[in-house]
Amino acid sequence: MTGGITMQRPALGVWRCQRAAGAALVVASALAFALDGPVARTAYQQGLDPATFGFWRALAGAVVLGGFLVTRPGSGVLAPIRRMRRPAVIRLALAAAAGLGLNLALFQAFARLPVAVAVAVFGCYPLLVAAWEAGSRRRAAGVIGPGVGMCMATVAVIGLVLLIRPDPLVSVPAAGLLLALLAAVLHAAYILLGRDGWGEIGDGAATFLIVATAAAGLGALTAVTRPAIVLVPVTDLRLTTLLLLEGALAGAVAPLLFLAGLRRIGATQTAVLSLCEPLAATMLAAVMLGQQPAPSQLLGAALLVGAGIGVQAAPAFPLTGASRPNLPPSPPRTEPPRPAAR
């Protein structure tokens with residue numbers, strides 16, 4: 001039996017490396033998503049509304065992802081999609097619908113609420129993810145204990161609220177709060193749907209389909225509600241370049257890294273670590289705009305960083321069955337020969 005345990009140690013080491021790589025991918029995706037705020041603000045100044053900006057962002061991301069998939073040698077994108085099993089197709093379709101609904105709800109929430117309030121309400125999605133995994137009998141690959149997950153998610157959300165400092169004196173419409181909460185629920189659903197991957201197709205093809213669905217939905221909405229401004233970026237080379245950059249980084253690279261990291265570390269860890277996006281945005285504003293953070297914001301940043309470290313350092317449950325990550329198979333255990341009876 002000692003030999004069997006020794007043989008399993010390399011597999012455990014591979015899994016730990018995958019977990020660390022997954023955390024790095026999620027953090028990198030959050031840093032790319034942090035570009036959304038400054039770029040969107042610039043686009044709004046050029047006459048775009050949130051839905052139109054979201055459409056061009058998603059369209060640019062879909063073009064980048066599609067070009068990447070087409071130029072890959074021997075990628076065979078369409079064939080794996082045709083071979084997808086029904087459960088994976090349903091999960092992918094629901095994830096795409098959740099991504100589209102998330103964008104619509106969050107855009108409308110930002111139009112009705114102060115940004116800090118909208119971000120604070122939307123940022124409760126780690127609690128929703130952790131609560132679902134705590135109450136679910138089937139846990140995803142590498143998930144930490146339910147109590148630890150809820151604790152780290154709570155600390156992260158408290159840190160987020162301290163970091164962004166929503167003003168309690170500002171009037172908050174109930175419709176805006178409900179929309180921000182709906183966006184949080186949809187983002188939690190998106191994370192839980194994507195944690196097991198998509199079967200036969202890779203992250204690149206899945207991300208392309210999700211982003212293309214968002215582009216189609218937002219494009220249809222913009223064409224119906226604001227048709228006069230749909231083509232504004234076409235007439236402005238500077239705005240077109242900015243949207244292409246935004247689409248390449250936040251619309252293509254960020255969701256691709258997010259899904260790749262999600263499958264390696266599980267839903268709760270991903271949800272907590274992805275909250276470093278507002279942290280990166282705040283730090284970026286402090287550096288570029290000279291906005292000195294208040295002591296409460298520094299405390300919130302410390303809580304966010306601590307929750308991210310804690311959720312990654314916490315020991316995970318042993319993995320069984322479908323929740324086991326892609327590790328080399330362990331050799332069968334063989335009992336040592338028993339000595340002959342004397």
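These are my notebook entries on one protein chain, looked up in a predicted model.

**Entry 1: the overall fold**

I began with the secondary structure. I counted 14 helices in the protein chain and zero strands. Reading from the N terminus on, I met α elements from start to finish.

Next I asked how much of the chain is buried. Of the 342 residues in the protein chain, 44% are buried. I also looked up the outer surface: the chain exposes about 17300 Å², and carbon and sulfur atoms supply 69% of that area.

Then I turned to contacts along the sequence. Taking those with a separation of 6 or more, I found that 89% join residues 24 or more positions apart.

**Entry 2: N103**

Where does N103 sit? I found N103 in helix α5, which covers residues 86–112. I then followed its side chain, which reaches the backbone oxygen of G99 at 3.0 Å.

Which residues does N103 contact, leaving aside its neighbours within four places in sequence? My list has A214 and L218.

**Entry 3: a nonpolar patch**

Back on the surface, I looked up a nonpolar patch of about 210 Å². Its makers are L128, L181 and V185.

I picked V185 for a further check. V185 lies in helix α9, which spans residues 174–194. Is V185 buried, partly exposed or exposed? I noted V185 as partly exposed, because its relative accessibility is 41%, and that class lies between the 20% limit for buried and the 50% limit for exposed.

Methods:
Residues numbered from 1 in each chain as written. Predicted model: local features only at pLDDT ≥ 70, side-chain atom pairs only at ≥ 80, totals over all residues. Heavy atoms only, no water. Helix = DSSP H or I, 4+ residues; strand = E, 2+ residues; numbered from the N terminus. Buried < 20%, exposed > 50% of the residue type's maximum accessible area, 1.4 Å probe, protein only. Contact = heavy atoms within 4.5 Å. Areas by Shrake-Rupley, 256 points an atom, 1.4 Å probe, with all protein chains shown as cover. Polar contact = N/O pair within 3.5 Å; in protein donor to acceptor, adjacent residues only side chain to side chain. Patch = residues over 30% accessible without salt bridge, like charges linked within 9 Å, V, L, I, M, F, W, Y side chains within 5 Å. Salt bridge = Lys/Arg side-chain N within 4 Å of Asp/Glu carboxyl O.
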